[in-house]
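Work through the exercises below with the sequence and the model at hand. Each task is followed by a solution in steps.

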Amino acid sequence: MPVEHKTQAATRPPAKNVGFVSLGCPKATVDSEHILTQLRAEGYAISPSYEDADLVVVNTCGFIDDAIEESLQAIDEALHENGKVIVTGCLGAMGDIVQQHFPNVLAVTGPHATHEVMGAIHEHLPPDHDPLIDLVPLQGIRLTPRHYAYLKISEGCNHRCTFCIIPDLRGDLQSRPVADVLNEAERLVAAGVKELLVISQDTSAYGVDQKYKTAFWNGMPVKTRMTELCAALAKLGVWVRLHYVYPYPHVDEVIPLMADGTLLPYLDIPFQHASPRILKAMRRPAASENTLQRIREWRKICPDLTLRSTFIVGFPGETEDDFAQLLDFLEQAELDRVGCFTYSAVEGAKANQLPDHVDEDTKQERLQRFMEKQAAISREKLARKIGSVQRVLVDAVSESGAIARSAADAPDIDGLVYIEQHCELKPGDFVDVHIDATDEHDMWGSIISQC
Ligand code: SF4
């Protein structure tokens, strides 16, 4: 038997190498992971350098102007360094912008297009197949560290926010079958994942397109619906964090699950604004809900709830009074984590046609006032944690200590917990730390016990 293997390895031609550049949001990351998984399943090797790659795939983002610019630069670099380039992702769905800039790319597809990307790769770099060694780990290929993973539960969106072109790029909501999502989550946990980050364009709408149909997972009936999906995910015994949740009434149902420790007490809700007039002009989902009242009720049930949100300032028609309402909302809502962008016109977005665009200086000035106000709120809220004990998940370890995240911190977008001792920690460990100091983003702590 060993001789047979040796012979096979010796006669096998070297694997064909594909380089991969992945840009954009976590949804794009998941698309990249699906393509990489398929590449490995078919026996391609993934090359870390342009030089060794036979061909390069660039997964692009087209959400705002800066992202478009970054994507165009990445394509330019790949063409310059390698020459054989396939483009996929949101920029690829924005008309013929890619072909106009780079007529020599081999192929262009939109997002969520593993099949089309693989077709283009087969055409320009046909695979060699060896069933004995073309094996892929059961959990697929992931771009995140081993201990956390994004879990995409649906694609597309039924809303039509006037500043957004995602529904044009990705289509209407298509929920993944609940058993598929749960099976994938189970495989990820079996492979060492300690934190599942549930993502989509609109997590609370999960299952609407399937009329919340009941399916079976491990012999148990589970509805294709956010609350039921979350409750089932929580049975896997890992952190479950919810992103892109719109505050529809049924979101109230997950708050008790957060209060009793079943789900992480964390909600990422992109409010985008607080003035009813601007929310209406934005055509935001759930805009008419009494948000402040809801937040108060949620915190009564789950006092440790962390609320993260994003906002846009300088939306067309935003007056000083609208902006004052937004600042007032920030003060009253006391959100824990906040991101803010100035409005930027995205080609094809309906908001571009709205009257009374705000000039750039005013946008920047409002952004600064917004961030100053929120920094003070975040600093004050984090300072309340000094003296508390927080369970954290270790992301990285170096000679000078460890970097971790608490239940209140999603990877890449929120704060960090710095642990300054030398210790035996490793990425993926849970540890309890005493919080010694904080600023407006991060916390510093000392270990109490390793879990
Ligand atoms: S909810 Fe609005 S912003 Fe979010 S993807 Fe849908 S249309 Fe775009």
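Two strands count as paired if DSSP finds at least two bridges between them. The model is predicted.

**Exercise 1.** Determine in which sense strand 14 and strand 15 pair, and over how many bridges.

Solution.
- Step 1. Strand 14 covers residues 306–313, and its pairing with strand 15 is parallel, over six bridges.
- Step 2. To fix the register, take Arg308, which stands opposite Arg337 in strand 15.
- Step 3. For the connection, add helix 12 (residues 320–333): strand 14, this helix and strand 15 form a β-α-β unit that is right-handed.
- Step 4. Check the cover of strand 15 (residues 337–342): five of its six residues are buried, and the strand is mostly covered.

**Exercise 2.** Describe the side chains and the neighbours of strand 3 (residues 55–60).

Solution.
- Step 1. In a regular strand, side chains alternate between the two faces of the sheet.
- Step 2. Sort the residues of strand 3 by direction: Leu55, Val57 and Asn59 point one way, while Val56, Val58 and Thr60 point the other way.
- Step 3. Buried means under 20% relative accessible area. Six of the six residues of strand 3 are buried.
- Step 4. Look for partners. Strand 1 (residues 17–22) runs parallel to strand 3 and is joined to it by five bridges, with Val18 opposite Leu55.
- Step 5. Strand 4 (residues 85–89) also pairs with strand 3 in the parallel sense, over five bridges, and here Val57 stands opposite Ile86.
- Step 6. Helix 3 (residues 65–81) completes a right-handed β-α-β unit with strand 3 and strand 4.

**Exercise 3.** For the salt bridges of Arg241, Arg294 and Glu440, find the partner and the distance between the closest N and O atoms.

Solution.
- Step 1. Arg241 bridges to Glu195, with the closest N and O atoms 2.7 Å apart. Arg241 is in strand 12 (residues 239–242) and Glu195 in strand 9 (residues 195–199), so this pair ties together parts 46 residues apart in sequence. Arg241 and Glu195 are both buried.
- Step 2. Arg294 bridges to Asp252, where the closest N and O atoms are 2.9 Å apart. Since Arg294 belongs to helix 11 (residues 291–301) and Asp252 to the loop between strand 12 and helix 9 (254–259), the pair ties together parts that are 42 residues apart in sequence. Arg294 counts as buried because its relative accessibility is 12%, whereas Asp252, at 34%, counts as partly exposed.
- Step 3. Glu440 bridges to Arg379, the closest N and O atoms being 3.7 Å apart. Glu440 sits in the loop between strand 19 (430–438) and strand 20 (443–450) and Arg379 in helix 13 (residues 360–383), so the parts tied together are 61 residues apart in sequence. Glu440 has a relative accessible area of 24% and is partly exposed; Arg379 is partly exposed at 41%.
- Step 4. Set these pairs against the total, which is 28 salt bridges. Glu318, Glu320, Glu365, Arg366 and Arg369 are linked in a network of such bridges.

**Exercise 4.** List the residues that surround the ligand and sort the shell by class.

Solution.
- Step 1. The residues around the ligand are Cys157, His159, Cys161, Phe163, Cys164, Ile166, Pro167, Gln201, Tyr246 and Arg284.
- Step 2. Sorted by class, the shell holds seven nonpolar, two polar and one charged residues.

Conventions: Residues are numbered from 1 along each chain as its sequence is written. This is a predicted model: local features need pLDDT of at least 70, side-chain atom pairs count only at pLDDT 80 or more; totals for chains, interfaces and linings use all residues. Side-chain values use heavy atoms; hydrogens and water are left out. A residue is near a molecule or strand if one of its heavy atoms lies within 4 Å of it. Ala, Val, Leu, Ile, Met, Phe, Trp, Tyr, Cys and Pro count as nonpolar, Asp, Glu, Lys and Arg as charged, and the others, Gly among them, as polar. A salt bridge is a side-chain nitrogen of Lys or Arg within 4 Å of a carboxyl oxygen of Asp or Glu. Helices (H or I, at least four residues) and strands (E, at least two) are DSSP runs, numbered from the N terminus. Buried means under 20% relative accessible area, exposed over 50%, partly exposed in between (1.4 Å probe, protein chains only). A crossover is right-handed if, with the strands pointing away from the viewer, the path from the first strand over the helix to the second runs clockwise.
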